[in-house]
Number of protein chains: 2
Amino acid sequence: MAPRGRPRDTQVDERVLRIAAALIAERGYTGLSIDEVAEQAGVAKTTLYRRWPTRDHLAVAVVARLQADDEITDTGDIRADLVDYLEKIAAGLNRMRTAGGREGASAGVAGELVGAAARHEDIGRLARDQYARRNALALALIERARLRGELRADLDAEALFDQLAGALYYRVMITGAAVDRAYAERLVSSALEGSLTCP
Amino acid sequence: MAPRGRPRDTQVDERVLRIAAALIAERGYTGLSIDEVAEQAGVAKTTLYRRWPTRDHLAVAVVARLQADDEITDTGDIRADLVDYLEKIAAGLNRMRTAGGREGASAGVAGELVGAAARHEDIGRLARDQYARRNALALALIERARLRGELRADLDAEALFDQLAGALYYRVMITGAAVDRAYAERLVSSALEGSLTCP
DNA sequence: CCTATTACGCAACATGAGTTTCGTATTACT
DNA sequence: AGTAATACGAAACTCATGTTGCGTAATAGG
């Protein structure tokens, strides 16, 4: 079952990803130089390109490691569950945003990854797959709350989650503001309670 | 009052922006080559760099021209006004998204601009300024509706607009889906009416 | 008219991403 | 043991961005 030729040195992947992560954390996305990673890792540039076709792909691999697996919890209280889930997503975003020391700047690494997704089909697909997984989890959570009568029967679950997740991304990417638990709570309250005067 | 030295050839700006727009529309963001723009425009590369410090800045200048000035209309019906405004924003996003012919792909030009904003402080500031202007308009619109009793008194206007605009951006950038009037209506309905079962 | 100032074009250059070529090393299969 | 297949390393290469230096053109002010 093992492939024919010489097997890949698996230690290389480990070492390269660690060094690349350090470079991004230290100098930001732009400071991630293929030549420098290769030199510090003690491998040839061709060895890197055999694993990651572009610098963007390497960066995505680095960030993917930092992302927790965002498991969802269903306590039966939809408000608390949504806030928890948003906070998990926000934590991942903040971890990217602050990588590279450009605290107050703009979107930071998160923004560059959106650019990478726009440049490369496959990275875009990856991002969309991750979104789809999140979306499925969230929609199921919302649907359960709807069935037990916590939420309106004629709810638009997709629109609801787009609003919540979208506002998080919007704030981080466009406005560059931080997102914390307090903001997540504001979002959930606003979305759940609506804005019309109650008749 | 005129500056001391030789004045800039203003025709150059016009010509370059037109050519750059054509290149982006034809081959996408990556297909925008400084050398090629310079050649087609019949100017030296240094002349381009005197006006736009990087390729990203040139691209931003091109796209900025395509953006309508998003004036807001206040008819007194907050639901219709919000849908209209979202549709205007979405139209701008779609115009960027489809530039370059990569219809179904990912975020397209819009995503690359987020990357540009992440790479360059000043572009990020520009984007945030535009956001701030939009935000101010929308918040004023919402506030007027609140004061005339159309919306709840304890409304969180900022959260409301973040949700609406955020969902639009989220959908275009991350999921790559199109945004049309129908989607804008779903968003506004969901946000205004809320998700809780009405007590 | 003369000078300081700025714009323009041209060519050379520096840098980093990504590719290509080739010789060598490591593995599976026969 | 021999062979095909794959990985690795090293060096040279291509290409586009962005920079630098210099000669020349255009403008305002003295």
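**Stop 1: the domain contact in chain A**

Select domain 1 of chain A and find its 11 residues that are in contact with 14 residues of domain 2 of chain A. You are looking at a predicted model. To make the two selections, take 10–64 of chain A as domain 1 and 69–193 as domain 2. Put a marker at the C-alpha centre of each domain: the two markers lie 28 Å apart.

Now compute the surface between these parts. Domain 1 of chain A and domain 2 of chain A bury about 970 Å² between them. Carbon and sulfur atoms carry 68% of that area.

Next, the polar side of this contact. Three residue pairs are in polar contact across the interface of domain 1 and domain 2 of chain A, with both residues at pLDDT 80 or more. Colour the helices on the domain 1 side. Helix H1 (10–27) and helix H4 (55–66) of chain A each supply at least two residues of the side that touches domain 2. Which helix gives the most to this side? H4(A) does, with four residues. Colour the same side by class: five residues are nonpolar, four are polar and two are charged.

**Stop 2: one salt bridge between the domains**

How many salt bridges are counted between domain 1 of chain A and domain 2 of chain A? The count is one. Show the side chains of A:Asp56 and A:Arg119 as sticks. They meet in a salt bridge, with N to O at 3.0 Å. A:Asp56 lies in helix H4 of chain A, and A:Arg119 lies in helix H6 (residues 109–119) of chain A, so the pair ties together parts that are 63 residues apart in sequence. Then widen the search to the whole structure: over all chains, 37 salt bridges are found.

**Stop 3: chain A as a whole**

Switch to a cartoon of chain A. The secondary structure comes to nine helices and zero strands. Step along the sequence and the pattern reads α-α-α-α-α-α-α-α-α. Turn to the principal axes: the C-alpha trace of chain A spans about 70 × 45 × 25 Å along them.

**Stop 4: where chain B meets chain A**

Show both chains. The contact takes 49 residues from chain B and 49 residues from chain A. Between them, the chains bury about 4800 Å². Of this area, 54% is on carbon and sulfur atoms.

Now look for charge pairs. Across the interface of chain B and chain A there are 10 salt bridges. Zoom in on B:Asp156 and A:Arg186. Their side chains meet in a salt bridge, at 2.6 Å from N to O. Add the polar contacts next. The interface of chain B and chain A has 20 residue pairs in polar contact, both residues at pLDDT 80 or more.

Stay on chain B and colour its helices. Helix H6 (109–119), helix H7 (121–147), helix H8 (157–175) and helix H9 (181–193) of chain B are the elements that give two or more residues to the side touching chain A. Which of these brings the largest share? H8(B) does, with 14 residues. Recolour that side of chain B by class: 22 residues are nonpolar, 13 are polar and 14 are charged.

**Stop 5: the rotation axis**

Superpose chain B on chain A. What rotation does this take? A rotation of 180° does it, with 0.0 Å of shift along its axis and an RMSD of 0.1 Å. The two copies are thus related as by a two-fold rotation axis. Draw the axis, then select B:Gly194. Of the residues of chain B, B:Gly194 comes closest to the axis, with its C-alpha at 1.7 Å.

For a last selection, compare the interface residues of the two chains. Why can the copies be said to meet through the same surface? Because 100% of the interface residues of chain B are also interface residues in chain A.

Technical notes. Residues are numbered from 1 along each chain as its sequence is written. Chains are lettered from A and ligands numbered from 1 in the order in which they are written. Side-chain values use heavy atoms; hydrogens and water are left out. Contact means heavy atoms within 4.5 Å. Buried area is the accessible area (1.4 Å probe) that two parts lose on being put together, summed over both. A salt bridge is a side-chain nitrogen of Lys or Arg within 4 Å of a carboxyl oxygen of Asp or Glu. A polar contact is a pair of N or O atoms within 3.5 Å; within protein, one must be able to donate a hydrogen and the other to accept it, and residues adjacent in sequence count only if both atoms are side-chain atoms. Ala, Val, Leu, Ile, Met, Phe, Trp, Tyr, Cys and Pro count as nonpolar, Asp, Glu, Lys and Arg as charged, and the others, Gly among them, as polar. Domain bounds come from an automatic or database domain assignment. Copies are superposed by least squares on the C-alpha atoms of residues with pLDDT of at least 70 in both.
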